Amino acid sequence: MSEAFEISDEEQSYEQYGLNDNPFPYSPVPADDPEIYCGQEHVTEKVSSTVSTVLSTGRSRHLVVTGKYGNGKSHTLKYTRSLVRDRDDVVVGYVAQPGEGFLDIYHEFMYDLGFDRVQDIAYEYMASVASEITDKDPSGPEEMREMVNNGEVLLSELVPPTVKRLSEVTRFADFARALVHMVYEDTNLYAWQWITGEGIRYEQRKEMEIHTALDDDTMGVRAFTAMKKALLDLNYTAVFVLVDEFESISRLSAKKEQSTLNSIRHLMDQNSDGLCILFGCAPEVWQEVMSEYHAFSERIGEEVSLRPLTDEDVYELIEEYLMTERETATEGISPFTGDGMELILGRSQGNIRQILSLCSRMLDSAAAEGEDTVDSEFVEQELERS
């Protein structure tokens with residue numbers, strides 16, 4: 001019988017390298033709010049230009065970021081989200097992959113915003129109406145919520161004009177009713193389920209006076225457009241949608257793929273202002289889309305490609321990661337040596353995901369074995385073990 005493996009919660013020490021911890025991710029999947037961006041200058045310039053144009057002019061603009069698996073598409077989108085999300089005048093949602101159609105994209109976008117954020121938007125809209133029709137002037141959703149809870153304003157007086165204005169702005173009365181019902185404790189869950197496209201029973205819709213089901217791509221486009229119109233009416237500048245792994249549409253049936261692309265095209269056509277969509281897509285799939293679906297690809301028109309990192313890029317990236325855990329102001333890639341990094345580069349072929357994974361593994365093994373450096377001999381030894 002083999003010996004039982006040991007489990008321990010004892011932390012590995014990296015003091016010998018002047019590090020507080022292993023700075024490299026064990027699972028090299030981009031964090032939701034990455035602190036380090038390992039992209040390339042031509043990519044950052046194109047993304048910055050796209051985002052800045054939307055923010056400065058309010059006009060819609062879209063971009064496709066292409067790159068092989070592990071070259072940083074997800075990292076690029078998530079880093080963009082972390083920067084844009086800090087602004088008070090935008091709403092940004094990340095979609096991990098497009099699913100089975102546009103309704104799934106819409107659903108994931110709304111879920112990334114979250115229940116609390118959408119409820120705040122409902123209170124914020126109500127606050128803007130209250131400022132116009134009452135002697136109250138709530139500064140935002142929190143103050144509006146307090147006024148409602150304290151009885152300073154009555155929902156019975158405020159809801160009808162809010163629904164009326166929202167219906168006029170969005171041209172979608174059912175969406176207006178659902179958004180306003182986000183402020184009611186007894187129906188906000190039903191409202192949330194309807195708004196996100198989860199589907200609710202007829203009796204639940206009837207309770208909120210909602211007559212339609214949000215259950216297909218066409219309704220998803222209509223609901224998304226309604227949300228964007230409501231936000232722009234509140235003086236938001238733009239809505240950003242970051243759609244990752246767009247290449248997965250190639251796994252859909254031809255009919256579903258075309259339906260998804262047509263829905264996104266309709267969304268772009270109906271929203272010439274205040275919308276920015278960034279796609280992350282494998283280059284071969286994007287080339288296929290460009291050649292077969294001209295009506296869709298022409299709406300975007302811009303593409304920027306991530307390339308495998310150069311040696312110089314990798315050295316800079318490794319140093320940035322090490323600096324996040326260094327106890328001193330040491331510079332360079334120590335404890336990694338130049339010849340050790342050459343082997344890591346050769347194995348990874350410049351693929352960011354593999355580079356980070358190998359660096360994490362090598363550093364852990366070196367610390368466990370008491371090695372002073374991660375040189376070529378040690379890296380080769382570890383690679384042979386795998």
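User: Which residues does V51 touch, once those up to four places away in sequence are not counted?

Analyst: Setting aside residues up to four places away in sequence, V51 touches T80, V84 and F240. This is a predicted model, and that should be kept in mind throughout. V51 itself is found in helix α1, which covers residues 41-57, and V51 is buried, because its relative accessible area is 9% and buried means under 20%. As for distance along the chain and distance in space, V51 and G151 are 100 residues apart along the chain, and their C-alpha atoms are separated by 42 Å.

User: How far apart in space are F109 and F240, and what is F109 in contact with?

Analyst: F109 and F240 are 131 residues apart in sequence, and from C-alpha to C-alpha they are 9.7 Å apart in space. F109 has its place in helix α3 and is buried, with a relative accessible area of 2%. When its neighbours within four places in sequence are left aside, the contacts of F109 are V91, V92, G93, V95, F224, V239, F240 and V241. F240 therefore appears in the contacts of F109 and also in those of V51, where contact means heavy atoms within 4.5 Å.

User: How many residues does the largest nonpolar core have, and which of them have the most contacts inside it?

Analyst: The largest nonpolar core has 74 residues, and those with the most contacts inside it are Y106, M144, F279 and F296. Helix α4, residues 115-133, gives the largest share of this core, 9 residues. Apart from this core lies another one, of 29 residues, which includes L19, I318, I352 and L356. To see one residue of the largest core in more detail, we can take F296, which, leaving aside its neighbours within four places in sequence, is in contact with F246, L261, I264, R265, M268, F279, W286 and V289.

User: How would I look for a cavity, and what volume does the largest cavity have?

Analyst: The general idea is that rolling a probe the size of a water molecule over the atoms shows where empty space is left. Here, a search of the whole structure finds 1 cavity of 30 Å³ or more, and the largest cavity has a volume of about 60 Å³. The residues that line the largest cavity are F102, I105, F224, V241, V243, I264, L267, I277 and F279. Two or more of the lining residues come from each of the elements α3 (102-113), β3 (238-243), α11 (254-270) and β4 (275-281). By class, the lining has 9 nonpolar residues, no polar and no charged ones.

User: Where is N271 found, and is N271 buried or exposed?

Analyst: N271 is found in the loop between α11 and β4, and N271 is buried, with a relative accessible area of 0%. The side chain of N271 makes a polar contact with the side chain of T225, at 3.2 Å. Not counting residues up to four places away in sequence, N271 touches S60, T225 and K228.

User: Why is α7 described as largely enclosed by the rest of the structure?

Analyst: The reasoning goes by counting, because 6 of the 8 residues of α7 are buried, so this helix is largely enclosed by the rest of the structure. The buried residues of α7 are D174, F175, A176, A178, L179 and V180. What covers these buried residues includes α3, α4, α6, α8 (188-195) and α10 (217-233).

User: Which residues have a positive phi, and where is there a cis peptide bond?

Analyst: The general background is that most residues other than glycine have a negative phi, and most peptide bonds are trans. In this model, phi of R171 is near 55°, a positive value in a residue other than glycine. R171 lies in the loop between α6 (155-170) and α7 (173-180), and R171 is exposed, with a relative accessible area of 65%. Phi of E245 is also positive, near 50°. E245 has its place in the loop between β3 and α11 and counts as partly exposed, at 37% relative accessibility. As for the peptide bond, a cis one joins S334 and P335, with omega about 15°, and P335 lies in the loop between α14 (311-323) and α15 (338-348).

Notes: Residues numbered from 1 in each chain as written. Predicted model: local features only at pLDDT ≥ 70, side-chain atom pairs only at ≥ 80, totals over all residues. Heavy atoms only, no water. Core = buried A, V, L, I, M, F, W, Y, C linked by side-chain atoms within 4.5 Å. Buried < 20%, exposed > 50% of the residue type's maximum accessible area, 1.4 Å probe, protein only. Helix = DSSP H or I, 4+ residues; strand = E, 2+ residues; numbered from the N terminus. 1 Å grid on protein atoms, 1.4 Å probe; cavity = no way out; pocket = protein on both sides within 12 Å on 5 of 7 lines; lining within 4 Å. Points joined across faces, edges and corners; volume = space filled by probe spheres on them. Nonpolar A, V, L, I, M, F, W, Y, C, P; charged D, E, K, R; others polar. Polar contact = N/O pair within 3.5 Å; in protein donor to acceptor, adjacent residues only side chain to side chain.
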